[in-house]
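The report below describes the fold, its nonpolar core and one of its helices.

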Amino acid sequence: MRLLTNVLQVLVTILARWNYFNTGDPFSEWHRQYEGLAFIDIDFVEICKKCKDVLAVGETAVYKGHYDKKFRITQRVAESLKVLGFLIFYELNNENKIVKFRYRIINPVRDHNYHILEPNQFVKMLHELHLSHEKFNCKRSKK
Ligand SMILES: [Zn+2]
């Protein structure tokens with residue numbers, strides 16, 4: 001629990017220092033006016049439903065033919081939490097439904113190649129992440 005508290009303090013500190021992209025929402029605008037402060041939002045935090053541990057963090061974006069998305073701070077958060085970090089692009093069809101994922105790992109190693117998965121394959125990968133957590137690390141799993 002103390003480790004989790006320390007990690008959360010690091011997370012809050014990191015998030016408080018960085019704010020690059022948030023425009024338009026009242027909190028971001030309020031925060032931006034104070035010199036010396038910065039924060040970012042993190043797009044994706046996968047958690048265990050049982051114990052609420054963070055399993056992975058990531059940045060997400062719609063794929064538009066190129067991979068253009070900042071992820072350095074999210075990578076640092078993943079590193080601090082000692083969880084997987086993802087950079088995830090998803091393709092949409094005409095009905096705004098996700099039809100494909102392109103992702104790469106940004107923590108614990110930085111994978112330079114994108115993996116292309118169908119939505120059901122991506123879900124399977126996330127389920128495997130949960131199963132591994134439940135088997136080895138979950139504090140609430142009956143094992
Ligand atoms: Zn758990």
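Of the 18 residues of α4, the number buried (20 or more other C-beta atoms within 10 Å of the residue's own, C-beta atoms being placed from the backbone) is 1, so this helix lies largely in the open. Helix α4, residues 119–136, reaches 26 Å from its first C-alpha to its last, close to the 26 Å expected at 1.5 Å a residue, where the expected span is 1.5 Å times one less than the number of residues.

This is a predicted model, in which local features need pLDDT of at least 70 and side-chain atom pairs count only at pLDDT 80 or more, while totals for chains, interfaces and linings use all residues. Residues are numbered from 1 along each chain as its sequence is written.

The protein chain comes to 4 helices and 5 strands, taken as DSSP runs (helices H or I, at least four residues; strands E, at least two) numbered from the N terminus, and the order from that end is α-α-β-β-α-β-β-β-α. Of its 143 residues, 15% count as buried.

The largest nonpolar core (buried Ala, Val, Leu, Ile, Met, Phe, Trp, Tyr and Cys residues joined through C-beta atoms within 7 Å) has 14 residues, of which Val57, Ala78, Leu81 and Val83 touch the most other members. The elements below each supply at least two residues of this core, and β3 gives the most, with 4 residues.

| Element | Residues |
|---|---|
| β2 | 54–62 |
| α3 | 72–81 |
| β3 | 84–92 |
| β4 | 98–107 |

Leaving aside neighbours within four places in sequence, Val57 is in contact (C-beta atoms, placed from the backbone, within 7 Å) with Ile42, Phe44, Val45, Thr74, Val77, Ala78, Leu81, Val83 and Gly85.

Technical notes:
Buried ≥ 20, exposed ≤ 12 C-beta atoms within 10 Å, placed from the backbone. Contact = placed C-beta atoms within 7 Å.
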